[in-house]
Amino acid sequence: MTVSYALLTLLEESERHGYDLKRAYDQRFETGRALSFGAVYRALGQLVRGGQVSVVGIEPGAGPERKRYAITESGVTDLQRWLAEPENPHPHLQELLFMKVMLALVSGRPAKAYLRAQQQHHLARMRELTGARREATATAALRLDYELFHIEADLRWLQHAQARLADLAAEAR
Amino acid sequence: MKAVLEAVQLRKSFGVTEALRGADLSVHAGEVMAVMGPSGSGKSTLLHCMAAILRPDAGSVVFDGRRIDALGDRQRTQLRRGAFGFVFQFGQLVPELTAIENVATPLLLAGQRRRTAIAAAQGWFDRLGLAGLQGRLPGELSGGQAQRVAVARALIGRPRVVFADEPTGALDTAAGDDVMELLVDAVRQQDAAVIVVTHEPRVAAFADRTVLVQDGAVDDGAIEVGAGAAG
């Protein structure tokens with residue numbers, strides 16, 4: 001899912017070919033493993049069908065035709081909504097939260113405000129769990145503790161990311 | 001609902017360092033509020049200004065409909081003794097006094113007779129799971145027990161607002177949970193307000209509401225969707 005939003009962010013900067021998108025993605029987000037062409041074109045196909053991206057030109061090349069893609073208004077709206085909407089805490093948010101920060105920075109959106117909203121969302125979930133824990137048996141409480149400690153780790157990262165935003169922004173743009 | 005304690009546009013500098021730059025915060029009776037923020041964000045300064053420990057350079061602090069930021073030293077001391085309770089991280093119990101004498105101290109300072117004060121303190125020992133520890137000196141208590149004694153001492157005078165600055169900072173998670181549960185239950189029963197300054201999300205999760213302090217101002221968590229500026 002983050003791949004689609006990353007492509008939308010890159011297309012918001014400028015129209016691009018599929019190949020350019022792949023190269024820009026690998027360079028900008030340093031995910032540790034290169035994005036496959038298959039994944040890029042799969043995501044682009046879905047975005048075109050969903051109306052978030054449109055094909056604005058087709059150029060003949062040595063191999064297959066090269067399509068130029070552009071983000072649509074509905075693509076911008078979707079990207080904006082996704083960035084602004086906090087995620088529900090779960091143990092595997094790492095990649096999602098990381099990409100949201102990076103995409104907000106790359107697209108010049110208010111990364112700090114998004115991080116803070118996410119922080120409040122995580123804190124709200126912790127309040128819920130803490131309330132449930134107070135009524136729980138020792139066994140149930142131990143299970144809830146597991147989730148609480150995970151959310152706490154996310155919160156430490158969210159706080160840390162805010163302190164590092166200036167350095168990150170310099171690299172991301 | 002009317003705020004029992006409200007800070008409006010507080011400013012406070014220490015030399016050239018601006019610790020508070022227009023901080024707003026209000027708390028209602030019966031409300032537990034957590035204040036979080038990175039080191040140096042101004043959260044402790046905000047607490048101290050609201051608790052009439054520090055005087056802000058500008059802005060106002062209103063307690064129960066009355067401005068308290070400009071009161072003289074004597075009146076502020078009276079206010080802190082009578083209307084406010086305090087729980088700090090550590091080092092707050094008088095080491096030469098027994099646990100029960102420590103708990104009774106606020107009542108003794110308020111002029112109550114020793115017998116009455118000790119009897120009132122006695123009630124808190126069962127309530128906070130401290131039965132049998134009345135005669136111990138603070139040095140003979142575990143960290144968690146000492147904090148529970150500190151909670152009893154903060155609440156015995158039936159304060160309207162309790163200020164807790166990193167109340168579990170020196171404790172492990174289990175002991176910290178116990179202290180927070182006791183604090184929150186006790187203040188709710190007394191319909192007091194609590195402001196807890198903490199850097200621990202687990203502690204903040206006991207509160208009804210959490211505000212974040214950054215660069216000397218309070219962020220209530222509202223987000224401006226679609227704003228264009230980075231950062």
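Helices and strands are taken here as DSSP runs, a helix having at least four residues and a strand at least two, and both are numbered from the N terminus. The model used in these exercises is a predicted one.

**Exercise 1. The elements of chain A**

Task: Find how many helices and strands chain A has, and in what pattern they follow one another along the sequence.

Solution. Begin by counting each kind of element, which gives eight helices and three strands for chain A. Then walk along the sequence and write down each element as you meet it, and the pattern α-β-α-α-β-β-α-α-α-α-α appears. To complete the overview, note that the C-alpha trace of chain A spans about 70 × 30 × 30 Å along its principal axes, and that 34% of the 173 residues of this chain count as buried.

**Exercise 2. The sheet of chain A**

Task: Work out in what order the strands of the open sheet in chain A lie, and which of them are the edge strands.

Solution. Take the pairs of strands one at a time. Strand S1 (residues 16-17) and strand S3 (residues 66-71) of chain A pair in the antiparallel sense over two bridges, and within this pair A:His17 stands opposite A:Arg68. Strand S2 (residues 53-59) of chain A also pairs with S3(A), again in the antiparallel sense, over six bridges; here A:Val53 has A:Ile71 as its bridge partner, while A:Ser54 stands opposite A:Ala70. S2(A) and S3(A) form a hairpin, with six residues between them. Putting the pairs together gives an open sheet of three strands in the order S1-S3-S2, with antiparallel pairing. S1 and S2 of chain A are the edge strands, since each pairs on one side only. Finally, look at what lies on the sheet: helix H1 of chain A lies across S1, S2 and S3 of chain A, running at about 90 degrees to S3(A).

**Exercise 3. Two domains in contact**

Task: Describe which elements supply the side of domain 1 of chain A that touches domain 2 of chain A.

Solution. First set the bounds, which come from an automatic or database domain assignment: domain 1 of chain A covers 1-84 and domain 2 covers 86-173. The centres of the two domains, taken over C-alpha atoms, are separated by 27 Å. Next, count the residues that take part in the contact, which are nine from domain 1 and 11 from domain 2 of chain A. On the side belonging to domain 1, helix H1 (2-13), helix H2 (18-29) and helix H4 (73-84) of chain A each supply at least two residues, and H1(A) gives the most, with five residues. Sorted by class, this side of domain 1 has five nonpolar, two polar and two charged residues.

**Exercise 4. A helix and its buried residues**

Task: For helix H7 of chain A, find which residues are buried and what covers them.

Solution. Start with the helix itself: H7(A) (residues 138-163) has 26 residues and reaches 37 Å from its first C-alpha to its last, close to the 38 Å expected at 1.5 Å a residue. Its buried residues are A:Leu148, A:Ile151, A:Asp154, A:Leu155 and A:Leu158. To read the spacing of such a list, recall that an α-helix has 3.6 residues a turn, so residues three or four places apart point the same way. The cover over the buried residues of H7(A) includes helix H6 (111-135) of chain A together with helix H7 (201-204) of chain B.

**Exercise 5. Sheets and strand pairs in chain B**

Task: Explain why one side of strand S2 and one side of strand S5 of chain B are left without a neighbour in the sheet.

Solution. Write out the order of the four strands in this open sheet of chain B, which is S2-S1-S4-S5 with antiparallel pairing. Strand S2 (17-28) and strand S5 (66-67) of chain B stand at the edges and have a single partner strand each, so one side of each has no neighbour in the sheet. At one of these edges, two bridges join S5(B) to strand S4 (residues 58-63) of chain B, and B:Phe63 has B:Arg66 as its bridge partner. Helix H1 (residues 43-50) of chain B packs on this sheet, touching S1, S2 and S4 of chain B, and its direction makes about 125 degrees with that of S1(B).

As a last step, compare the directions of two further pairs. Strand S3 (residues 32-36) and strand S9 (residues 209-214) of chain B run parallel and are joined by four bridges, with B:Val35 opposite B:Val211. S9(B) and strand S10 (residues 217-219) of chain B, by contrast, run antiparallel over three bridges.

Conventions: Residues numbered from 1 in each chain as written. Chains lettered and ligands numbered in written order. Predicted model: local features only at pLDDT ≥ 70, side-chain atom pairs only at ≥ 80, totals over all residues. Buried ≥ 20, exposed ≤ 12 C-beta atoms within 10 Å, placed from the backbone. Pairing = 2+ DSSP bridges. Contact = placed C-beta atoms within 7 Å. Axes fitted to C-alpha atoms, helices over the stretch in contact; angles between N-to-C directions. Expected span 1.5 Å × (residues − 1). Nonpolar A, V, L, I, M, F, W, Y, C, P; charged D, E, K, R; others polar.
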